[in-house]
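Let's take a walk through this model, one region at a time. Have the sequence and the coordinates open as you read.

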Amino acid sequence: MTNGRISRRSALAGIGGTAVLGGVASTGLLASPATAAPAATPTPSRRPRPARGTALDHKANSLLQKMTLAEKLGQLQLVNLEDLARTSMAGPNPCGGVFSVVGAAKLNALQKIAVEHTRLGIPLIFGLDVIHGYTTNFPIPLAQASSFDPNVARTDAEVAAAEARASGINWTYAPMMDVTHEPRWGRIAEGNGEDPYLTATLAVAKVTGYQGSDYSAPDRLAACAKHYVAYGGAEGGRDYNTVDVSIQELHNHYLPPFKAAVEAGVATVMASFNAISGVPAHANVYTLRDVLKEAYGFDGFVVSDWTGIQELIMHGVAGNGADAAAAGLTAGVDMEMVSTNYVEFAQQLLAAGRITMSEINDAVRRILRVKYALGLFDNPYVDEAGEVTSVSASARAHARAAAGRSMVLLKNENSLLPLKKTGSIAVIGPLGEATYDLNGTWSGLGTGSQTTPPVTVVEGIKAAAPTATVTFTKGCEIDDPDTSGFAAAVAAARAADVVVLAVGESAAESGEASARSNIGLPGVQEQLVAAVAQAGTPIVAVLFNGRPLTLQPVVNAATAILEAWAPGVEAGNAVADILFGRVNPGGKLPVSFPRAVGQVPIYYNHLNTGRPADPNNKYTSKYLDLPSGPLFEFGFGLSYTDFAISDLRLSSTRLSRRGGSVTVSATVRNTGDRAGDEVVQLYLHDPVASISQPVRRLRGYRRVSLTPGQRSTVTFRLTPQDVGFYDNNANFVVERGQIEVYVGNSSSAAMKAVFTVV
Ligand code: BGC
């Protein structure tokens, strides 16, 4: 059975036009083509998807008919804060949108120019990277993925949308949904880890949270699915790097979250910086037109990434700005961010027949539709009195709960955790009194958020355990060779009953352009951990980081390890909630933690190979100097209580390819003495298929809360969609044969059942 057939015809044909060597990058801003007269329209060689007959289309189409070419091209331009400072907005054809400007009054002033001082009064769209909070910083997205709880992602998006929209922002550049196998890549922090299914479910939750059912509402934003596509495949984890990917891998691994986001109605999509099998994403007819706009039916608009159109020159597929504009427009990038090739060269390209008026109209129509859907024509301004400049008590409570649900307990020997609230606690380490670093990447953009630093670990512990003696000794900086503070740290550890070691990365060590070739603790922190361990006091290591780290030195030294990621504004309180047992940790890793950086890429959903790792056979797929497998696997995480998962049952041992379904059920029971959460995970494996299938792939998960002794039956309904895959012709196929089902509490789940697809 084959659904969702997608043509491969232009998989490798990304750009139109002939590259001209020696072109010079254009730097002009918002320079409109000299005249307003539309150029002669050559016969369209490509037919953009026709507008749908909705009310939005009617509005967009009738406005489009009144627009001059210059006015249309203006809509295709997105400018940022720095460019604005150098630009006159008061010209006849202002840009379509402005981004990274915050402040309701500033935004209203800009809007006034567009609405009241241009011929057609088309409002601006105001964008911002509201990634994990506007004023209230939630945990970073990688942490949110650890919650295995779409409500965490949805709540973040709802709180952020309400704060940002009330402050004049109406478009966020989120959610980021780049699946990746690369812990070296700094942007792993912005996504949901290594699994396409988990990422897709969280992407949908975020889109829904930002947009609601109608994003014209005063507490909603237009969302942006980014970065389209395969950006997470950057070779070596170096940001912006090349990706060479098979068609099946593209469709099975990188595209599913985007498909899900489109199905959830995401308003916009951002192209990615990377090339995909030699064709830059910004010039990729296959991914943008054939897949996104045609096969998925995406009817929002595609925005370039920052100078992504201009960068087609450096990519070597455009000789100059005109080539770059032609390539981007032909491929279907509708709006150009920062660089200005569309406004500068589109008229000349039209005259030369290198682009068509229908391509321009399609791009403009898409942008106008989103502006109408945002309600901007009716309500272009924001009420300045409603601007959100601080963190409300309810937003704080949501952020604290989200952070608690996002932390992962990696080790807890001798049940060291939860701690008693008495005695002496030595907080040691460079993150113990850190503030903004606990927000992680992409924070502090919302108005006033720089005045709302996250709660520190020391503050959180002192608030939770007011009668304990709490000391703080930094020991060293986050990333600095100085070890002179070690002696004081060791002395503090000796004097205490327990050490809380707050170590990890700075906010700037993950995120964009923050690849690392070593992924251990930065600076001399590993030496600090070893030195403090010499004191012999039990250590709880609390890790703040935006990527998986190589943790063997920490595992050797610490009795308990809590992966806290970058928890956001309530960081210290959320950590204390877990340290003292107010919250029982239930998060799971959304990404494998390697033993050493040399194992990278290492991920749970790999192929078996012809020679899977066998410790007793040298000639198998492994390293001589490391045990096989990760240090901590995907889906792993401990709790203060114990759970038993049993009674794996199938409603049928046959699944019909013609619309059948199989219900998988299992019982989970809290066998310990504390209330807690378990994440029941369902993985599938197709052992014999026309192309090799991953050894496991996640197809269901459910986070359940159980009191001691309580049990619950969890069910998952599987359909042909769950067992099929894309082949190398981009056809979704569901093949006959056996499917193995694994259910448990990590990707190592052992409980197995089998059904047959017929
Ligand atoms: C990033 C995008 C971001 C954009 C606008 C780029 O450098 O890659 O993720 O949305 O800047 O700030």
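For the pocket linings below, Ala, Val, Leu, Ile, Met, Phe, Trp, Tyr, Cys and Pro count as nonpolar, Asp, Glu, Lys and Arg as charged, and everything else, Gly included, as polar. With that in hand, look at the second largest pocket: its lining splits into 14 nonpolar, 11 polar and 4 charged residues. That pocket is lined by 29 residues, and Ile602, Tyr603, His606, Gly629 and Pro630 are the ones nearest its centre. Its volume comes to about 790 Å³. Keep in mind throughout that this is a predicted model.

Now for the overall layout. The protein is divided into domain 1 (72-384), domain 2 (405-599) and domain 3 (643-757). Between domain 1 and domain 2, the contact takes 40 residues from domain 1 and 39 residues from domain 2. The C-alpha centres of these two domains, domain 1 and domain 2, are 34 Å apart.

On to the largest pocket, which has a volume of about 1,000 Å³. Which domains supply its lining with at least three residues each? Domain 1 (72-384) and domain 3 (643-757) both do. There are 46 lining residues in the largest pocket, and Pro196, Asn252, His253, Tyr254 and Pro256 sit nearest its centre. Several elements give two or more residues to this lining: helix H7 (196-211), helix H8 (247-254), helix H9 (256-263), strand S22 (697-706) and strand S24 (725-726). H8 gives the most, with 6 residues. Sorted by class, the lining of the largest pocket has 20 nonpolar, 17 polar and 9 charged residues.

Next, pick out strands S6, S7 and S10. These 3 strands make an open sheet, in the order S6-S7-S10, and the pairing is parallel. Strand S6 (224-228) and strand S10 (301-303) are the edge strands, each pairing on one side only. From one strand to the next, the twist averages 25°. Strand S7 (residues 268-271) pairs with S10 in the parallel sense over 3 bridges. If you want to find one of the bridge pairs, go to Met270, whose partner in S10 is Val303. Helix H10 (residues 285-295) lies across S6, S7 and S10, and runs at about 145° to S6.

While you're around S6, follow the chain into the loop between S6 and H8, where you'll find Ala230. Its backbone is worth a glance: phi of Ala230 is near 70°, a positive value in a residue other than glycine.

There's another open sheet of 3 strands to look at, this one with the order S18-S20-S23 and antiparallel pairing. Why does one side of S18 and one side of S23 lack a neighbour in the sheet? Strand S18 (643-650) and strand S23 (711-718) stand at the edges and each has a single partner strand, so one side of each is left open in that sense, without a neighbouring strand in the sheet. The twist in this sheet averages 20° from one strand to the next. Strand S20 (residues 662-670) and S23 pair in the antiparallel sense over 8 bridges. On that pairing, Arg669 stands opposite Arg711 in S23.

Two peptide bonds round off the tour. A cis peptide bond joins Ala174 and Pro175, with omega at about 5°. Pro175 is found in the loop between strand S5 (171-172) and H7, and H7 is one of the elements that give two or more residues to the lining of the largest pocket. A cis peptide bond also joins Leu417 and Pro418, where omega is about -5°. To locate Pro418, go to the loop between strand S12 (408-412) and strand S13 (424-428).

Terms used. Residues numbered from 1 in each chain as written. Predicted model: local features only at pLDDT ≥ 70, side-chain atom pairs only at ≥ 80, totals over all residues. Heavy atoms only, no water. Pairing = 2+ DSSP bridges. Helix = DSSP H or I, 4+ residues; strand = E, 2+ residues; numbered from the N terminus. Axes fitted to C-alpha atoms, helices over the stretch in contact; angles between N-to-C directions. Contact = heavy atoms within 4.5 Å. 1 Å grid on protein atoms, 1.4 Å probe; cavity = no way out; pocket = protein on both sides within 12 Å on 5 of 7 lines; lining within 4 Å. Points joined across faces, edges and corners; volume = space filled by probe spheres on them. Domains from an automatic or database assignment.
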